[in-house]
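Subject: Structure for you to look at

Hi there,

Here is the structure I promised to send over. Please open it alongside this note and follow along.

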Amino acid sequence: EVRGNSIYRKQWSTISGMSADYRTIAASVDGGLFKRKNKKGNFVGLGAVFLSDKAGDSHFGTTSFNALGSWVKSISSLQDQFLSLAGQVGYVQRSVTSSGLTWDSNWAVDHVDTSIPGETLLGGFAFFDQTIGAMYFNLRNERRKYHTGVSIAHLLKPNVSFLDQDIYKRKLTIHGGGTFANAASNRVLQPAFLITKQGRQMELTAGTYFKYVMKSASVRTGLKTETAISFGAWYRFKDAIIGSVRFDYNNFNVGFAYDFSLSRIAKANAFLGGSEISIIYTSPAI
């Protein structure tokens with residue numbers, strides 16, 4: 001199987017005085033190799049990720065290209081439990097434009113005069129980044145399966161400053177989720193959580209999808225795919241409530257999510273956070 005994923009996110013466009021909002025585009029592709037040749041159930045995973053992010057009036061940009069690799073090993077005689085060890089290497093570019101910004105020097109008695117020269121920022125720079133991770137997943141029962149994993153990003157703590165020195169602190173990520181349903185039910189619960197910690201900053205997001213299966217996939221032949229609709233509710237601790245909807249049909253997965261801000265920024269954006277659209281395609285098993 002080969003999986004392709006694309007995401008578009010736009011947020012904070014309602015903040016007063018913001019002439020440029022925050023937009024993120026990401027795309028990825030991944031797949032497994034040697035699944036059928038290895039009788040022990042082990043296989044290799046390969047993937048690539050592209051991300052482009054533009055933020056605010058300075059058009060603060062982050063563009064990254066990442067290559068991923070993993071070794072997935074079966075740890076049970078039934079080949080239904082697996083342990084994966086993975087690594088990622090990325091090339092990251094940072095850029096900023098000072099033309100859209102105003103400075104103290106632009107203030108002319110009672111108004112802002114953009115014709116007065118302001119400060120000039122370094123145009124951009126680039127660096128390499130590295131991530132390692134591990135994940136356990138249990139596929140013993142198609143109606144009850146779960147996974148959990150951990151990763152550490154920014155291993156070599158690169159300098160990410162435009163002017164002097166600002167060391168990227170390592171980021172710890174812990175995540176997990178599962179699928180739970182009764183044998184004869186077309187209603188499925190899919191909870192998940194995500195915890196990230198970088199320096200003194202910590203983020204916790206948890207919630208679940210409530211999935212309704214309208215047409216089940218064929219178990220033996222794989223010729224018929226599942227048709228389902230899912231509604232999700234998530235909470236990002238002290239920051240936002242997230243509502244989402246997802247539709248699965250014919251190897252495609254299309255989703256939409258929206259953040260409703262709860263933090264102090266809600267006063268500026270009228271509780272409206274960001275919208276996100278995602279499209280995933282998974283090729284049929286060969």
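Below is what I found in it, beginning with how the model was made and read.

This is a predicted model, so please keep in mind that local features need pLDDT of at least 70 and side-chain atom pairs count only at pLDDT 80 or more, while totals for chains, interfaces and linings use all residues. Residues are numbered from 1 along each chain as its sequence is written, and side-chain values use heavy atoms, with hydrogens and water left out.

**Confidence**

The chain has a mean pLDDT of 86 (pLDDT is the predictor's confidence in each residue, from 0 to 100), and 86% of its residues reach 70 or more. Among the elements of the chain, strand E10 (residues 171-180) has the highest mean pLDDT, 97, and helix H1 (residues 266-269) the lowest, 70. Helices (H or I, at least four residues) and strands (E, at least two) are DSSP runs, numbered from the N terminus.

**Strands E3, E4 and E5**

Two strands count as paired if DSSP finds at least two bridges between them. E3 (residues 43-55) and E4 (residues 60-74) run antiparallel and are joined by 13 bridges. Their hairpin has four residues between the strands, and Gly-56 there takes a positive phi near 70°. E4 also pairs with E5 (residues 81-95), again in the antiparallel sense, over 14 bridges. Six residues lie between E4 and E5 in their hairpin, where Gln-79 in the turn has a positive phi of about 55°. Ser-70 is a handy residue to click on: Gly-45 stands opposite Ser-70 in E4, and Ser-70 stands opposite Ala-86 in E5.

**Strands E1, E15 and E16**

E1 (residues 2-11) pairs with E16 (residues 272-282) in the antiparallel sense over nine bridges, and the bridge partner of Asn-5 in E16 is Ile-280. E15 (residues 252-261) and E16 also run antiparallel, joined by eight bridges. Here Phe-256 stands opposite Ile-277.

**A nonpolar patch**

Phe-256 and Ile-277 both belong to a nonpolar patch on the surface, with about 850 Å² of accessible area together for its residues, which also include Tyr-8 and Phe-231. E15 and E16 are the elements that give two or more residues to this patch. Patches are made of residues with over 30% relative accessible area and no salt bridge, with like charges joined within 9 Å and nonpolar side chains (Val, Leu, Ile, Met, Phe, Trp, Tyr) within 5 Å. Areas come from the Shrake-Rupley method with a 1.4 Å probe, and for residues only the protein chains shown count as cover. A salt bridge is a side-chain nitrogen of Lys or Arg within 4 Å of a carboxyl oxygen of Asp or Glu.

Best wishes
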